[in-house]
Amino acid sequence: SEFSLLALLGHPVQHSLSPLFQNAALQKLGLPYVYLAFDVAPDDLKDALYGLKALGFRGANLTVPHKELAVNFMDSLHEHAALLEAVNTVVNENGKLVGYNTDVIGFMKALHKNGAQLEGREVLLLGAGGAARAVACALNEVKVTRIWVANRSWERARLFLEWSRKALTCPVESLSWTSLFEQPDKEPTFREIYAIINATALGLKGEEIPLPWGYLSGLHWVIDLVYGKKGTPLVKKAEEKNIRNFDGRDMLIFQGAESFRLFTGHQAPLDVMFGALES
Ligand code: NDP
């Protein structure tokens with residue numbers, strides 16, 4: 001057909017900003033693609049992905065909750081997707097689905113844009129889901145010296161640790177979620193922690209994260225993967241304390257820009273993407 005098709009598959013999907021900034025970028029470059037969002041229940045993911053082949057879609061982005069399950073339906077996996085065991089970008093290469101994960105590059109570019117240099121530093125990572133894995137991979141690549149991870153449920157923290165021992169070279173240690181917030185004095189010294197990164201869903205609905213700020217005096221960066229129109233509770237708190245910070249919008253745009261490049265072969269117009277998000 002005249003247009004190539006791109007999809008976003010998620011559940012739910014209606015609040016996603018990807019169609020907005022992807023279509024704005026495609027139009028700006030005059031590329032003959034249409035990017036559409038589809039709400040796909042997890043049980044239908046396999047059919048949806050094989051449907052992309054049948055219908056000749058050029059590719060798709062995957063969002064919550066599909067990134068991990070999708071691994072099973074790819075014909076091949078690119079490096080970061082294999083390492084993370086999660087796919088956020090699918091490219092249809094002549095009927096073969098190639099799985100990529102652009103979240104790692106997205107986060108690295110966000111660090112770079114904001115001038116956050118974490119090499120040789122210790123980092124506290126909140127959360128142990130898919131986003132936390134992508135962040136941990138990026139932190140490993142920029143050569144942090146240690147990752148402390150804290151997650152609400154122990155089971156997911158345990159899986160994260162197991163995964164990190166296979167996938168990463170830097171040391172990863174866990175902190176208890178409850179004692180982090182309730183008994184920070186019981187935790188190993190926080191003096192060495194240079195950055196805190198929130199990779200949980202906390203903040204999406206305006207929730208505060210009751211961090212032991214008094215123990216975090218050496219902090220140089222507070223980084224939120226969540227984003228909000230007027231910042232998030234976490235970055236606002238950092239702002240109050242004069243700690244450098246940024247929220248999840250940079251990662252969102254940079255991962256999307258990398259997907260755009262994989263789909264179209266063109267560099268994404270970043271200014272147009274950021275502009276679409278602002279409007
Ligand atoms: P997952 O479902 O894989 O993981 C969710 C994580 O959030 C888990 O660690 C979970 O802990 C934790 N969590 C959820 N609710 C709470 C709560 N009420 N209190 C404490 N912890 C909680 O999701 P992802 O890892 O894919 O995404 C996490 C968040 O990161 C998303 O909500 C999104 O906002 C953000 N994100 C941003 C991106 C960007 O480009 N800016 C990209 C990807 C994600 P538990 O194991 O205990 O359930």
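Domain bounds here come from an automatic or database domain assignment, and the model they are applied to is predicted. With that in mind, let's work through some exercises.

**Exercise 1. Work out where the ligand lies relative to domain 1 and domain 2.**

Solution. Start with the bounds: domain 1 covers 4-101 + 251-278, and domain 2 covers 104-247. Next, ask which of them gives residues to the shell around the ligand; both do. The ligand therefore lies between the two domains.

**Exercise 2. Describe the shell around the ligand and its polar contacts.**

Solution. Begin with the count: the ligand is surrounded by 22 residues, and the closest are Ala 131, Asn 151, Arg 152, Arg 156 and Gly 248. Then sort the shell by type, which gives twelve nonpolar, seven polar and three charged residues. Now turn to the helices: α5 (130-141) and α9 (249-264) each contribute at least two residues to the shell.

For the polar contacts, the cut-off is a pair of N or O atoms within 3.5 Å. The side chain of Asn 151 places an N or O atom 2.6 Å from an oxygen atom of the ligand. From the backbone, a polar atom of Ala 128 is 3.1 Å from a ligand oxygen, and a backbone N or O atom of Gly 130 also lies 3.1 Å from an oxygen atom of the ligand. Finally, consider the surface: the ligand taken alone exposes 920 Å², of which the protein buries 80%.

**Exercise 3. Find the edge strands of the open sheet of six strands, and say why one side of each has no neighbour.**

Solution. Write down the order first: β2-β1-β3-β5-β6-β4, with mixed pairing. At the edges stand β2 (33-39) and β4 (76-77). Each has a single partner strand, so one of its sides is left without a neighbour in the sheet.

Now look at one pairing in detail. Strand β1 (residues 4-10) runs parallel to β2, and seven bridges join them. Leu 9 has Phe 38 in β2 as its bridge partner.

**Exercise 4. Decide how far strand β8 is enclosed, and find what it pairs with.**

Solution. The cut-off for a buried residue is under 20% relative accessible area. In β8 (residues 146-151), five of the six residues are buried, so the strand is largely enclosed by the rest of the structure. For the pairing, five bridges join β7 (residues 122-126) to β8, and these strands run parallel. Within this pair, Leu 124 stands opposite Trp 148 in β8.

**Exercise 5. Locate the peptide bonds to Pro 12 and Pro 65 and give their geometry.**

Solution. A reminder helps here: most peptide bonds are trans. The bond from His 11 to Pro 12 is cis, with omega near 5°. Pro 12 sits in the loop between β1 and α1 (18-28). Val 64 and Pro 65 are also joined by a cis peptide bond, with omega about 0°. Pro 65 belongs to the loop between β3 (59-62) and β4.

**Exercise 6. Are Asn 94 and Asn 242 buried or exposed, and what is the sign of phi in each?**

Solution. Take Asn 94 first. It lies in the loop between β5 (89-93) and β6 (96-100), and its phi is positive, near 50°. The cut-off for exposed is over 50%; Asn 94 has 81% relative accessibility, so it counts as exposed.

Now Asn 242, in the loop between α8 (233-240) and β12 (244-246). Its phi is positive, about 60°, although Asn 242 is not a glycine. With a relative accessible area of 73%, Asn 242 is exposed.

Note on methods:
Residues numbered from 1 in each chain as written. Predicted model: local features only at pLDDT ≥ 70, side-chain atom pairs only at ≥ 80, totals over all residues. Heavy atoms only, no water. Near = heavy atom within 4 Å. Polar contact = N/O pair within 3.5 Å; in protein donor to acceptor, adjacent residues only side chain to side chain. Areas by Shrake-Rupley, 256 points an atom, 1.4 Å probe, with all protein chains shown as cover. Helix = DSSP H or I, 4+ residues; strand = E, 2+ residues; numbered from the N terminus. Nonpolar A, V, L, I, M, F, W, Y, C, P; charged D, E, K, R; others polar. Pairing = 2+ DSSP bridges. Buried < 20%, exposed > 50% of the residue type's maximum accessible area, 1.4 Å probe, protein only.
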